[in-house]
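Me: I've got a model open and want to talk through how its side chains hold on to each other. Can you walk me through it?

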Amino acid sequence: MGRHSTFDREQVLEKVMHLFREQGYKATSLKDLERVTGLNPSSLYNSFGSKKNLFLSVVEHYNKAIVEQRIEAYLPHNAGLEGIRNFFQSVLTQPKGKVKGCLLTNSATEFAGNDLEVTELVGAGFGLLQVAFQRIMLEEREAGRLALAGNSGDDELLRAGRSAMQILGFYQGVLVLARHDPTASALPLMIDDFFDNFNM
């Protein structure tokens, strides 16, 4: 009979997730993984097969444990633009100097679409955000609080999708800037200006 794992898989993924967020995939060594997990190389490879497979498992974990939970907390039905604004502002509330950034954003930059498996998982995470933003755009439009710009022949879903992509793009920029300079006082003002003038 094979030996059963003697560690909590979710706890391992959580620890490694923070490491990959901070250092990136390529810069993270086997020694780093051993240090944060307390596991030896054979345990890691017996459980995950390779560093790459471990990373893929971590991105899947991130989408469920971080992205989905943040959407649930900040972007429920009828959260409105204020919910999205709070979602953005929450990125800036981490301890100063300890902003590790978004694993999706960091990985999209590091891999630059050159790995299909990573690209698909990162895209799935971005897709969760886009769908949530799009839903709120449609809710705001139906409530008469927002006009969605577009060509006369475009349906509301297409217009809401374009607005959602614009918000997602702005969100990625905020994440990059926040990681570059967590103390930047202009970021909260930039977010407020964006949503105060939002009328897509």
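## Charges, rings and a bent helix

Reply: Let's start with R85: this is a predicted model, and in it R85 counts as buried, at 13% relative accessibility.

Me: Which residue does R85 form a salt bridge with?

Reply: R85 lies in helix 5 (residues 80-90) and its partner in helix 9 (residues 186-196), so the pair ties together parts that are 111 residues apart in sequence. The partner is exposed, with a relative accessible area of 52%. The closest N and O atoms are 2.9 Å apart, and the partner is D196.

Me: Which residues do salt bridges with shared partners join into one network?

Reply: The structure holds eight salt bridges. R85 and D196 are bridged to each other, and both belong to the network. The full set is E82, R85, D192 and D196.

Me: What about E117 and K52: how far apart in sequence are the parts they tie together?

Reply: The two form a salt bridge, with the closest N and O atoms 3.0 Å apart. E117 is partly exposed, at 41% relative accessible area. Since E117 lies in helix 7 (residues 116-142) and K52 in helix 4, the parts they tie together are apart by 65 residues.

Me: Is E139 buried or exposed?

Reply: The side chain of E139 meets that of R135 in a salt bridge, 3.8 Å from N to O. They are four residues apart in helix 7, so about one helical turn separates them. Buried means under 20% relative accessible area, and with 14%, E139 is buried.

Me: On to the rings. Are the planes of F87 and F133 stacked or edge-to-face?

Reply: A search of the whole structure finds 15 aromatic pairs. The ring centres of F87 and F133 are 6.0 Å apart. Planes over 60 degrees apart count as edge-to-face; these sit at 80 degrees, so the pair is edge-to-face.

Me: And what kind of aromatic pair do F170 and F194 form?

Reply: F170 is in helix 8 (residues 156-180) and F194 in helix 9, 24 residues apart. Both are buried. With 4.0 Å centre to centre and 15 degrees between the planes, the pair is stacked.

Me: Which residue's charged end sits over the ring of F87?

Reply: F87 is buried, and it belongs to an aromatic cluster that also includes Y74 and F88. The charged end lies 4.3 Å from the ring centre, and it belongs to R70.

Me: Last one: where is the kink in helix 4 centred?

Reply: Helix 4 (residues 51-74) reaches 33 Å from its first C-alpha to its last, close to the 34 Å expected. The kink is about 30 degrees, and its centre is N63.

Note on methods. Residues are numbered from 1 along each chain as its sequence is written. This is a predicted model: local features need pLDDT of at least 70, side-chain atom pairs count only at pLDDT 80 or more; totals for chains, interfaces and linings use all residues. Side-chain values use heavy atoms; hydrogens and water are left out. Helices (H or I, at least four residues) and strands (E, at least two) are DSSP runs, numbered from the N terminus. The expected span of a helix is 1.5 Å times one less than its number of residues. The bend at a residue is the angle between axes fitted to the seven residues ending there and the seven starting there. A salt bridge is a side-chain nitrogen of Lys or Arg within 4 Å of a carboxyl oxygen of Asp or Glu. Buried means under 20% relative accessible area, exposed over 50%, partly exposed in between (1.4 Å probe, protein chains only). Rings of Phe, Tyr and Trp (its six-membered ring) pair if their centres lie within 6.5 Å; planes under 30 degrees apart count as stacked, over 60 as edge-to-face and the rest as tilted. A charge sits over a ring if NZ of Lys or CZ of Arg is within 6 Å of the ring centre and within 35 degrees of the ring normal.
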